[in-house]
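Welcome, and take a moment to look over the structure below. This briefing walks through a strand, its neighbours, the nonpolar cores and some charged pairs.

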Amino acid sequence: MDDVKERGDDMSTTGRPIEGKVALVTGAGRGIGRGIALRLARDGADLCLVDLSLDAVAGVSQEVVELGVKATTFAADVSDRDQVFAAVDHAASALGGFDIMVNNAGIALVESVADSTPEQVNKLWAINVNGTLWGIQAAAAKLIELGHGGKIINASSIAGHDGFPMLGVYSASKFAVRALTQAAARELADRQITVNAYCPGVVGTDMWVEIDKRFAALTGAAEGETYDKFVSGIALGRAETPDDVAGFVSYLAGPDSDYMTGQAGLIDGGILFR
């Protein structure tokens, strides 16, 4: 962990919907996690940025501070329950409270259902499913300890609504996140803790670069071909950006979603329609 970086002095806080709230984002060092962290900072939250190493979040921490809020960082592997609880404790201690948990960290697996190995499945499940469960547990425990409600927000996927070929085990992990979201929402509602999930589609991040490469290796497609094929099926005609996802997470983190819980909203530009 590092020392808290104080708020900048040149940023107006007028009209920021989660001004003064404390949010923790896992997998905050790049991609969607970075986008979410920066959006929540722009909306007024102080941020605890969590990733596998402090180096991974150092740059994002500086960007957050430049937006006029506080930032602290913490190194944790979300598959380790004790480390997730320690991250939440650090956020509350360093930033003086705790209000919003974004269980964003996750990995992909491109492999047929028939050929997925125990090692692949165990690693994927430990991060995507167990990591989300530990995050829900840690956040709920802290919010109950502090005696107020809050927001728990989990990363699912379009693959949590439909099973995609070569993404079957990954899809199963994201279906599981939806199940945890629904069950936790019911269990925590009387504590005024809402639990929701966001379900992105094809986001132009490093993860999708690796997914495309793996599809190419398994199917013989040219690199970029699978990505282009998926993007061509998006109704809005373009790939998703981290900012597209972050805007929806901002809604889930803010007061306008106070009457929404147990939902797993699609934010995919029009790939799936429910």
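A good place to start is strand β6, residues 193–200, where 8 of 8 residues are buried. Please keep in mind that this is a predicted model. From β6 we can move to the strands beside it, then to the cores, and then to the salt bridges.

**Strand β6 and its neighbours**

- Both faces of β6 are covered: Ile193, Val195, Ala197 and Cys199 are buried on one side, while Thr194, Asn196, Tyr198 and Pro200 are buried on the other.
- Strand β5 (residues 150–155) runs parallel to β6, and 6 bridges join the two.
- To find this pairing in the model, look at Gly150, whose bridge partner in β6 is Ile193.
- Helix α5 (residues 168–188) belongs with these two strands, as β5, α5 and β6 make a right-handed β-α-β unit.
- Strand β7 (residues 264–267) also runs parallel to β6, and the two are joined by 4 bridges.
- Here Pro200 can serve as your landmark, with Ile267 as its bridge partner in β7.

**The nonpolar cores**

- As general background, nonpolar side chains in soluble globular proteins tend to be buried together.
- The largest nonpolar core has 33 residues, and those touching the most other members are Ile36, Leu40, Leu47, Val64, Val102 and Tyr198.
- Several elements contribute to this core, with at least two residues each from β1, α1, β2 (46–51), α2 (54–66), β4, β5 and α8 (242–253).
- Another core, of 29 residues, lies apart from it and includes Leu24, Ala92, Ala139 and Val195.
- Which residues does Val102 touch, leaving out those up to four places away in sequence? They are Leu24, Val25, Thr26, Ile36, Leu40, Ile153, Tyr198 and Val249.

**Salt bridges between distant parts of the chain**

- Side chains of opposite charge can pair when their charged atoms come close.
- In this model, the count of salt bridges is 10.
- One of them joins the side chains of Asp206 and Arg30, with an N to O distance of 3.2 Å.
- Asp206 sits in helix α6 (residues 206–219) and Arg30 in the loop between β1 (22–26) and α1 (31–42), so this pair ties together parts that are 176 residues apart in sequence.
- Asp206 is partly exposed, with a relative accessible area of 44%, whereas Arg30 is exposed at 55%.
- Another salt bridge pairs Arg214 with Glu111, whose closest N and O atoms are 2.7 Å apart.
- This pair also links distant parts of the chain, since Arg214 is in helix α6 and Glu111 is in the loop between β4 (100–103) and α4 (118–146), 103 residues apart.
- Are the two partners buried or exposed? Arg214 is partly exposed, at 30% relative accessibility, while Glu111 is buried, with a relative accessible area of 8%.

**Further charged partners**

- Asp244 and Arg238 form a salt bridge, and their closest N and O atoms are 2.8 Å apart.
- Asp244 is partly exposed, with a relative accessible area of 25%, and Arg238 is partly exposed too, at 44% relative accessibility.
- Asp89, Lys142 and Glu145 are worth finding as a group, as a network of salt bridges links them.

Terms used. Residues are numbered from 1 along each chain as its sequence is written. This is a predicted model: local features need pLDDT of at least 70, side-chain atom pairs count only at pLDDT 80 or more; totals for chains, interfaces and linings use all residues. Side-chain values use heavy atoms; hydrogens and water are left out. A salt bridge is a side-chain nitrogen of Lys or Arg within 4 Å of a carboxyl oxygen of Asp or Glu. Buried means under 20% relative accessible area, exposed over 50%, partly exposed in between (1.4 Å probe, protein chains only). Two strands pair if DSSP finds at least two bridges between them. A crossover is right-handed if, with the strands pointing away from the viewer, the path from the first strand over the helix to the second runs clockwise. A nonpolar core is a set of buried Ala, Val, Leu, Ile, Met, Phe, Trp, Tyr and Cys residues joined through side-chain atoms within 4.5 Å. Contact means heavy atoms within 4.5 Å.
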